[in-house]
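Good morning, and thank you for making time for this presentation. Please look at the sequence and the structure while I go through several local features.

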Amino acid sequence: MGKLKVGLVGIGRGTAYGSIFTRNPLTEVTALCDTNEEKLEKHGRDYGLADTALFTDYGRFLESGCDIVVLGTPMPYHADEVVDAIEAGCHVLSEVTAASTLEGCERIWNAVRTHDRKYMMAENCCYMHFAKEWKEIADAGKLGDIYYAEADYVHEIRDLVIDAVTGEEKWRVHRAPLHYCSHSLGPILQLMPDDYIVSCTASGNRATILPHEGVGFIDMQVGLFKTKKGATIKVCRSSVATRKTPLCTYSVYGTKGCLESGRTNYNNTGLRYIEGEDNACVPITITTSDPNAPEEAKLGGHGTSEYYLVRDFLDSIVNNTKPPIDVVRALDMSVPGLIAHEAAMEGGVWKEIPLFWR
Ligand SMILES: NC(=O)c1ccc[n+]([C@@H]2O[C@H](COP(=O)([O-])OP(=O)(O)OC[C@H]3O[C@@H](n4cnc5c(N)ncnc54)[C@H](O)[C@@H]3O)[C@@H](O)[C@H]2O)c1
C-alpha cells in the first residue's frame with residue numbers, strides 16, 4: 001500500500017496536524033486548502049507543494065484525491081465540510097467541536113453512519129498525557145463508579161472574538177462559551193466509557209466584560225450535565241474572563257477514589273486519593289507531554305496529545321476499527337454544550353439531550 005494522501009484544510013490547526021502527518025511513515029501531505037491566499041502560498045512552500053496542490057475552493061480541493069481530510073477550519077464550517085469529505089470518499093479528522101449547530105451535528109451523523117469512512121473528532125485534551133494516565137486508573141476500576149466530575153476551561157482569547165483595534169468581529173462572536181465544551185467533557189467522558197449525557201441545565205447569559213452583541217461575549221457559563229447512569233458533571237467556560245494564564249482543570253470523584261488536576265496553566269501538580277493505596281491525597285504530576293515520547297511528538301501544539309491522537313486515527317483506518325473518538329463519542333462531547341447554552345438563555349431550565357445518535 002502506498003502512503004495515505006492527507007489534505008489539510010485551514011492553516012493553523014490544520015497545519016499543526018500537518019507537521020505530525022508529514023513525519024508519519026504511513027502518510028504524506030499532498031494538498032492544502034485555505035481561503036486566505038497569502039497563507040496558502042506561504043505554507044504551500046513550507047510543505048514543498050506545487051501551486052496545483054493549493055486550493056482556495058474546498059470542492060476543487062476534494063477533487064484532488066486525498067485519502068484523509070484534516071479539518072482545522074472554524075466550527076461553523078465543520079458540518080458542510082465533514083459531509084462533503086465523507087461523501088467524496090475521504091476519512092476525516094475534524095477539529096473540535098463536531099459542529100456549531102444541532103442540525104449540523106445531525107448531518108454529520110447521517111453522513112458518517114451511511115458511509116464506510118472513518119470520522120474522528122480531534123479532541124486533543126483526551127490525549128494529554130495526564131488524561132491518558134487517568135484513563136488507565138479508571139479502566140483498572142480504581143476509582144469505582146464515577147458519580148461527580150467537574151471541568152473548568154477559562155481561556156481569555158478576546159482578540160480571537162473581536163479585533164481590539166479594528167473592531168472586526170470573528171466567527172467566535174457566535175460561539176457561546178458552552179458551545180466549546182468538548183475540551184471539558186471529553187477527558188471526563190472518556191473515564192466513563194459506558195455512560196453519556198442525557199440532560200442539562202446552565203447559567204450565564206450576560207456580557208459585562210465586553211458589552212457587545214453576540215453570544216461569544218458572554219462573560220462565563222456554567223453547565224450542569226446529568227448522565228444516563230446518574231452522574232453529575234459541572235463545566236465552567238469562558239473566552240473573555242479576566243484571568244491569565246488559562247485555566248484548564250478537571251476533578252473526578254468515584255466511589256473508591258478521586259483525582260484532581262491543579263489550577264495553574266496546563267502543566268501543574270494535582271491530587272490523587274485511591275482507597276486502599278493512599279492514606280490521604282497525594283500529589284500527582286499533571287502534564288500534557290509523555291516524558292518518554294520522541295521530541296518530534298511535541299509538534300502538534302499541546303504536548304504530545306496530537307501525536308498520539310493521529311496514531312490512533314491512522315490505526316483505525318489501517319486496521320478498520322472504530323476510532324476512539326468516533327462520531328458517537330464526538331456527539332456525546334459536542335451536543336450537550338449546544339443544548340446547555342439554550343438552557344442558559346432560557347433562564348436555567350433543564351433540557352433533555354436529543355440523542356438521535358444513540
Ligand atoms: N484543539 C485545540 O486545542 C484547538 C485550538 C484552537 C482552535 N481549535 C479549533 O480549530 C478550528 C479553527 O480555529 P482557528 O482559531 O484556527 O480558526 P481561524 O479563524 O484562525 O481559521 C483557521 C484558518 O481557516 C481558514 N478558513 C476559514 N474559513 C475557511 C474555509 N471555509 N475553508 C478553508 N479555510 C478556511 C482561515 O483563513 C484560517 O487560515 C476551530 O474548530 C477551533 O475550535 C482547536
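Helix H9 bends by about 25 degrees at Met333, and a proline, Pro336, follows within four residues. I should state at once that this is a predicted model. Helix H9 covers residues 327-345, and at 1.5 Å a residue its 19 residues should span 27 Å; the end C-alpha atoms are 27 Å apart, which agrees. Is the helix mostly covered or mostly open? H9 is mostly covered, with 16 of its 19 residues buried. Just after H9 comes Gly347, with a positive phi of about 85 degrees.

Ahead of this helix, the loop between helix H8 (305-318) and H9 contains Asn320. Phi of Asn320 is near 50 degrees, a positive value in a residue other than glycine. Asn320 counts as exposed because it has 9 C-beta neighbours inside 10 Å, the limit for that class being 12 or fewer.

A second asparagine deserves mention here. Asn265 is not a glycine, yet its phi is positive, at about 55 degrees. Asn265 sits in the loop between strand S12 (257-260) and strand S13 (268-274). With 14 C-beta neighbours inside 10 Å, Asn265 counts as partly exposed.

I turn now to helix H4. For its 13 residues, 75-87, the expected span at 1.5 Å a residue is 18 Å; the end C-alpha atoms lie 19 Å apart, which agrees. H4 bends by about 25 degrees at Glu81. Which residues of H4 are buried? They are Met75, His78, Ala79, Glu81, Val82, Ala85 and Ile86. Glu81 therefore appears twice in this account, as the site of the bend and as one of the buried residues, a class that requires 20 or more other C-beta atoms within 10 Å. In general, an α-helix has 3.6 residues a turn, so residues three or four places apart point the same way.

The buried residues of H4 pack against strand S1 (4-9), strand S4 (68-71), strand S5 (91-94) and strand S6 (119-121), and also against helix H3 (58-62) and helix H5 (102-113). Just after H4, Gly89 takes a positive phi of about 90 degrees.

Several of those strands belong to one sheet. Six strands form an open sheet in the order S3-S2-S1-S4-S5-S6, and the pairing is parallel. Strand S3 (54-55) and S6 stand at the edges, each with a single partner strand, so one side of each is left without a neighbour in the sheet. The parallel strands S5 and S6 are joined by three bridges. Within this pair, Ser94 has Met121 of S6 as its bridge partner.

The loop between S5 and H5 holds Thr97. A cis peptide bond joins Val96 and Thr97, with omega at about -10 degrees. Another cis peptide bond joins Lys244 and Thr245, where omega is about 10 degrees. Thr245 lies in the loop between strand S10 (232-238) and strand S11 (247-254).

Finally, I come to the ligand. How many residues surround it, and which are the closest? There are 22 residues around the ligand, the closest being Gly10, Gly12, Arg13, Asn36 and Glu95. By class, this shell has ten nonpolar, eight polar and four charged residues.

That concludes my presentation, and I would be glad to take questions.

Terms used
Residues numbered from 1 in each chain as written. Predicted model: local features only at pLDDT ≥ 70, side-chain atom pairs only at ≥ 80, totals over all residues. Near = placed C-beta within 6 Å. Nonpolar A, V, L, I, M, F, W, Y, C, P; charged D, E, K, R; others polar. Helix = DSSP H or I, 4+ residues; strand = E, 2+ residues; numbered from the N terminus. Expected span 1.5 Å × (residues − 1). Bend = angle between axes of the 7 residues up to and from the residue. Contact = placed C-beta atoms within 7 Å. Pairing = 2+ DSSP bridges.
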